Amino acid sequence: MIHCCNFTEVVGNISLRDSIQSDEEFVNDLTRITMQSYVENTWKDEEHCEHYYAINSFKQLSTQIIYKYNKPIGRITLTHHKNEIIVDAIHIIPSAQGQGIGSTLLYKIIDNAIGQEKSVSLIVLKSNPAW
């Protein structure tokens, strides 16, 4: 697995670890919890919503689990290309949102990409405030 960054501790009490198969339920539940309102605002029919969840489901080889105080609080999924890093998902549990964790990860990814002379792209639904 190519990491988001070459470190375990991101900053302070935030760390990352490679995902394992047993993380699948956590990641898929987290995606629904964090993205449900945005998905439903983007697509009104269940078929399109379920398609979104299917294509954004757990991908063990490209996902890392985000920890705070040794407790899993999120996931980050990246796709690496020759000249680009795509941030497919950064999902943080609601109680840990708004603390700068996602921003810190994005800055680390950008710093890492600059060092590798790569660009960074972020996948965001139009109904998401990050857009």
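The chain of this predicted model holds 3 helices and 6 strands. The exercises below work through its layout, one helix pair and several single residues.

**Exercise 1. Overall layout**

Task: State the order of the elements from the N terminus on, and decide how the radius of gyration of the chain stands to the globule rule.

Solution.
- Step 1. Reading from the N terminus, the elements follow the order β-β-α-α-β-β-β-α-β.
- Step 2. The radius of gyration is 14 Å, and the globule rule gives 14 Å for 131 residues, so the chain is as compact as a globular protein of that length.
- Step 3. The C-alpha trace spans about 40 × 35 × 30 Å along its principal axes.
- Step 4. Buried residues make up 36% of the 131 residues of the chain.
- Step 5. Take the contacts between residues at least 6 apart in sequence: 61% of them join residues at least 24 apart.

**Exercise 2. The pair H1 and H2**

Task: Classify the packing of helix H1 against helix H2 by angle, then describe the residues of their contact.

Solution.
- Step 1. H1 covers residues 24-42 and H2 covers residues 46-55.
- Step 2. The angle between them is about 140°, and their axes lie 11 Å apart.
- Step 3. Roughly antiparallel would require an angle over 145 degrees, and roughly perpendicular one of 65 to 115. H1 is therefore oblique to H2.
- Step 4. The crossing of H1 past H2 is right-handed.
- Step 5. On the H1 side the contact is made by Thr31, Arg32, Met35, Gln36, Val39 and Glu40; on the H2 side it is made by Cys49, Glu50, Tyr52 and Tyr53.
- Step 6. By class, the residues of this contact are 5 nonpolar, 2 polar and 3 charged.

**Exercise 3. Positive phi outside glycine**

Task: For Asn70 and Glu117, give phi, locate each residue in the chain, and decide whether each is buried or exposed.

Solution.
- Step 1. Asn70 is not a glycine, yet its phi is positive, at about 65°.
- Step 2. Asn70 sits in the loop that links strand S3 (63-68) to strand S4 (71-80).
- Step 3. The relative accessibility of Asn70 is 71%, so Asn70 counts as exposed.
- Step 4. Glu117, also a residue other than glycine, has a positive phi near 55°.
- Step 5. Glu117 belongs to the loop between H3 and strand S6 (119-122).
- Step 6. With a relative accessible area of 72%, Glu117 is exposed.

**Exercise 4. Two residues of one loop**

Task: Gly98 and Ala96 lie in the loop between S5 and H3. Decide for each whether it is buried or exposed.

Solution.
- Step 1. The loop runs between strand S5 (84-92) and helix H3 (101-115).
- Step 2. The cut-offs are under 20% relative accessible area for buried and over 50% for exposed.
- Step 3. Gly98 has a relative accessibility of 85% and therefore counts as exposed.
- Step 4. Ala96 has a relative accessible area of 5%, so Ala96 is buried.
- Step 5. Leaving out residues up to four places away in sequence, Ala96 touches Ile73 and Ile101.

**Exercise 5. Distance along the chain and in space**

Task: For Leu61 with Lys44, Leu61 with Gly98, Ala96 with Ser127 and Ile86 with Ser121, set the sequence separation beside the C-alpha distance.

Solution.
- Step 1. Leu61 is in the loop between H2 and S3, and its relative accessible area of 71% makes it exposed.
- Step 2. From Leu61 to Lys44 the separation is 17 residues in sequence and 31 Å in space.
- Step 3. From Leu61 to Gly98 the figures are 37 residues and 27 Å.
- Step 4. Ala96 and Ser127 are 31 residues apart along the chain, with their C-alpha atoms separated by 21 Å.
- Step 5. Ile86 is part of strand S5, and a relative accessible area of 16% makes it buried.
- Step 6. Ile86 and Ser121 are 35 residues apart in sequence but 4.7 Å apart in space, C-alpha to C-alpha.
- Step 7. Ser121 appears among the residues that Ile86 touches; the others are Thr77, Leu78, Thr79, His81 and Ile123, again not counting residues up to four places away in sequence.

Methods. Residues numbered from 1 in each chain as written. Predicted model: local features only at pLDDT ≥ 70, side-chain atom pairs only at ≥ 80, totals over all residues. Heavy atoms only, no water. Axes fitted to C-alpha atoms, helices over the stretch in contact; angles between N-to-C directions. Helix = DSSP H or I, 4+ residues; strand = E, 2+ residues; numbered from the N terminus. Parallel < 35°, antiparallel > 145°, perpendicular 65-115°, else oblique. Left-handed = near helix turned anticlockwise from the far one by under 90°. Contact = heavy atoms within 4.5 Å. Nonpolar A, V, L, I, M, F, W, Y, C, P; charged D, E, K, R; others polar. Buried < 20%, exposed > 50% of the residue type's maximum accessible area, 1.4 Å probe, protein only. Rg over C-alpha atoms; globule rule 2.2 N^0.38 Å.
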